[in-house]
Amino acid sequence: MIKLNEAQAKAMIPDGHILVLAGAGSGKTRVLTQRIALLVNEYGVNPRNILAITFTNKASGEMKERLAQVTNCADKMWISTIHSMCAKILRFEAEHLGYTSSFSIYSDTDSEKLIKRIVAEMKTGDEDENIAKNAMWHISRAKNAAMSPERYRNEYGYERNIDKITEIYKKYEVMLKRANSMDFDDLLLNVLKLFKTNKPVLDKYSDRFRYISVDEFQDTNTVQYEILKLLQSKHQNLFVVGDDDQSIYGWRGAEIKNILNFDKDFPDAKIFKLEQNYRSTKKILGVANEIISKNTNRHDKQLWTENGDGVRIETYCGYNESEEAYYVVSQIESLVRYCNMQYSDFAILMRMNALSRSFEQECTKFGIPAKVFGGFKFFERKEIKDLVAYLKVVTNIYDDESLLRIINVPKRGIGDTTIKKLAQIADQNAMPILQLLTNEELMSAFNKGTRTKLLGFAQLINELYLYQKDHEVKEFVNYVINKTAYRDSLADKEAEIDRIRNLDEFMNSVEEFVKQNPGCTVRDYVESVTLVADRDVDDDSNYVTLATVHAAKGLEFKVVFVVGLEDGIFPNGRAKFDVVEMEEERRLMYVAVTRAKERLYLTHARNRYMYGQSKPTIPSEFFSDVDDFVKPKESVVSKPVFSTGLTCNEKNKNISRFEKGQKVKHKVFGEGVIILIKGENADVAFKGVGIKTLSLKFAPLEVIG
């Protein structure tokens, strides 16, 4: 067993209702895994009786790995995200709710497309686009609170366009059910419905799971908590770990009251606090404690550490966003050069993605690799979504949204007018489109040429369906790519080379999944792809992370820059008038600060260009919250003075050697031509990359001709 500190050891009680308040960096994952190991190794609990819930697939994988090191039976436990757990239960029990076990799971993109189609058919007017976006948000909000369309309208009758939104919600539910499909929220809501209406099913799972552990409990919503309460009803063993000070997802349904009222829901609950931080320096924790102490709706706790004091907290105030970005990026360059750090040691955290542009641009000028965390994901790329849609249709013939996506991909001469007409006829006759394609009477609405094309597509899907019944997953996916001629449709286009490589990477992902899941089916792979979360794709590349604070939760870096600390940005404008909103903003700042291990920088700009014009700003109140620790320093020169004492030596001391028209080579962008020199910067046109503005002093440029 791994050694636990005194507070962690106290939480190792095997039975009952237990709440562990685990401050940032206090070793909560160790507590979770060691308690599960204790149940199996010391108390002899059958691993089949253990359920462990995490909130990302990545965290689930890490927990399985840790448990495999301290037990020999991790593979017999249910360790997963709550969405994956619910999907697994529904695969066994969906028929009780009128679905088949091969139901599809709609991604946000699938749901958005369906809602847009519903809105278009309803002819709501010029505001269709806004109505669709609002409806999607409201529907998710309703489902997270377990509200039917009628109840939601009664509860939120004051909302704009509530009658239209309610009708869209009703139609959306009908269309989902007809497509034998569920969205992410349905996975939870349908399990809750099942448990509430079918006692034998509830008994089956509450009997099995004698010991339930939940990570990141502060992020649970109403439906999730209700499911957990029902699951633990038989054995009354619920062990939850979380930190109310890190509850930052209220905007997507998370209920902080779940963790705040745990001892009221379970009067016998025992509460333990983990306050020793293993991540950050004393000075960083001083700032974090000072910020969060301003909140009143929280469990009282104070982070402390045996780590050293560390360096001072640095602050900086730039004249504008460009100067702020220059300061941040030059500090990164200096620390890499003189403090033996890697680019992956750095994170630039912001309240909103819109602030990332100036930092991305400055990183490019310096030749520093950077990546916007939460950007365009592999499984969101068009070609990957196309192939997944083929797999979805083959495993669920009722999935109209996936079918409509691929009916003319690759192009087979089926136009938008035909596709729209197909959807309307299918809707009028309450039948899946694939079934419609083989209905001679209904297909008479199309001319002979169109019927031939549509029937050809139906035959293709049937061939794929028959093939997958008798072949392994990898062989079948390769067959889909070849049979649809998807790769051939890209092969002659040089601009599509990246998409072709993505097909290869897709096949790699299939192969990896098959190796990790012997005996898996196509449906299993599709489900794993659909449920993959933004933070579940590992990338060990050496780059600076640019991210919103929400996206960075759960991560840690040696050096963190919290930027854009201005009134109206961080905290946001709504927080001025809403105490609840302000407390969540303060928790968000607390999360940002506690991502830092060794160095913390707080920055803002006196002027910022937003909404079409440059305006003066007011420093965030988070600066005054930590006046005892730091004071913002005003810049007095056009370029920032480095308060760390570090200097940033130029890579190219003699920039006069660069001339317009020269051929140069960049270590990241490859070969290019200088097309413009302006001061210390140059515009360079790179083949296949485009024009980049680079700093001649700092960019890794080599003259080659």
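A residue counts as buried when its relative accessible area is under 20%. Keep that cut-off in mind as we walk through this structure, which is a predicted model.

**Two backbone oddities**

Let's put the cut-off to work right away. Glu216 has a relative accessible area of 16%, so this residue is buried. You'll find Glu216 in the loop between strand 6 (211-214) and helix 11 (222-231). Its backbone is a bit unusual too: Glu216 has a positive phi of about 50° although it is not a glycine.

Ala485 also has a positive phi, of about 60°, and is not a glycine either. This residue sits in the loop that links helix 23 to helix 24 (488-491). Is Ala485 buried or partly exposed? With a relative accessible area of 28%, Ala485 is partly exposed.

**Two cis bonds**

Next, a pair of prolines. Going from Val409 to Pro410, the peptide bond is cis, and omega is near -10°. Pro410 belongs to the loop between helix 18 (400-406) and helix 19 (416-428). The bond from Phe570 to Pro571 is cis as well, with omega near 10°. Look for Pro571 in the loop that runs between strand 13 (557-562) and helix 28.

**How helices pack**

Two packed helices are described by the angle between their axes and the distance between the axes. Here are three pairs to find in the structure:

| Helix pair | Angle between axes | Distance between axes |
|---|---|---|
| Helix 4 (residues 82-93) and helix 26 (residues 522-531) | roughly 150° | within 11 Å |
| Helix 17 (residues 382-395) and helix 22 (residues 448-469) | about 75° | 9 Å |
| Helix 22 and helix 23 (residues 473-483) | about 160° | 10 Å |

How is helix 22 oriented relative to helix 23? At an angle of about 160°, helix 22 is roughly antiparallel to helix 23. Their crossing is right-handed. On the helix 22 side, Leu460, Glu463, Leu464, Tyr467 and Gln468 make the contact, and they meet Glu475, Phe476, Tyr479, Val480 and Lys483 of helix 23. Sorted by class, that contact has six nonpolar residues, one polar and three charged.

Helix 22 has another partner in helix 17, and those two are roughly perpendicular to each other. From helix 17 come Tyr390, Val393 and Val394, while helix 22 brings Phe457, Leu460, Ile461, Leu464, Tyr465 and Gln468. The mix here is eight nonpolar residues, one polar and no charged ones.

Then there's helix 4 with helix 26. These are roughly antiparallel to each other, and helix 4 passes helix 26 in a right-handed crossing. His83, Ser84, Ala87 and Arg91 in helix 4 touch Arg523, Glu527 and Leu531 in helix 26. By class, you get two nonpolar, two polar and three charged residues in this contact.

**Helices tucked inside**

Stay with helix 26 for a moment. Seven of its 10 residues are buried, so helix 26 is largely enclosed by the rest of the structure. Those buried residues are Val522, Tyr525, Val526, Glu527, Val529, Thr530 and Leu531.

Why is helix 14 (residues 282-292) described as largely enclosed? Because eight of its 11 residues are buried. They are Ile284, Leu285, Gly286, Val287, Ala288, Asn289, Ile291 and Ile292. The cover over them includes helix 28 (579-593), strand 14 (596-605) and helix 29 (621-625).

**The nonpolar cores**

Which residues have the most contacts inside the largest nonpolar core? In this core of 66 residues, they are Ile332, Ile348 and Leu600. Helix 15 (residues 321-338) gives the most to this core, with eight residues. Apart from this core lies another, of 52 residues, and among them are Ala389, Ile414, Leu503 and Met507.

Zoom in on Ile348 to see how busy one residue can be. Leaving out residues up to four places away in sequence, Ile348 touches Val328, Ile332, Phe359, Val544, Thr545, Leu546, Ala547, Phe561 and Val563.

**A buried glutamate in a strand**

Last stop: Glu314, which is in strand 9 (residues 314-318). Its relative accessibility is 5%, so Glu314 counts as buried. Along the sequence, Glu314 and Thr603 are 289 residues apart, yet in space they are 8.4 Å apart, C-alpha to C-alpha.

Key: Residues are numbered from 1 along each chain as its sequence is written. This is a predicted model: local features need pLDDT of at least 70, side-chain atom pairs count only at pLDDT 80 or more; totals for chains, interfaces and linings use all residues. Side-chain values use heavy atoms; hydrogens and water are left out. Axes are lines fitted to C-alpha atoms, for helices over the stretch in contact, and angles run from 0 to 180 degrees between N-to-C directions. Helices (H or I, at least four residues) and strands (E, at least two) are DSSP runs, numbered from the N terminus. Angles under 35 degrees count as roughly parallel, over 145 as roughly antiparallel, 65 to 115 as roughly perpendicular and the rest as oblique. A crossing is left-handed if the near helix is turned anticlockwise from the far one by less than a right angle, and right-handed if clockwise. Contact means heavy atoms within 4.5 Å. Ala, Val, Leu, Ile, Met, Phe, Trp, Tyr, Cys and Pro count as nonpolar, Asp, Glu, Lys and Arg as charged, and the others, Gly among them, as polar. A nonpolar core is a set of buried Ala, Val, Leu, Ile, Met, Phe, Trp, Tyr and Cys residues joined through side-chain atoms within 4.5 Å. Buried means under 20% relative accessible area, exposed over 50%, partly exposed in between (1.4 Å probe, protein chains only).
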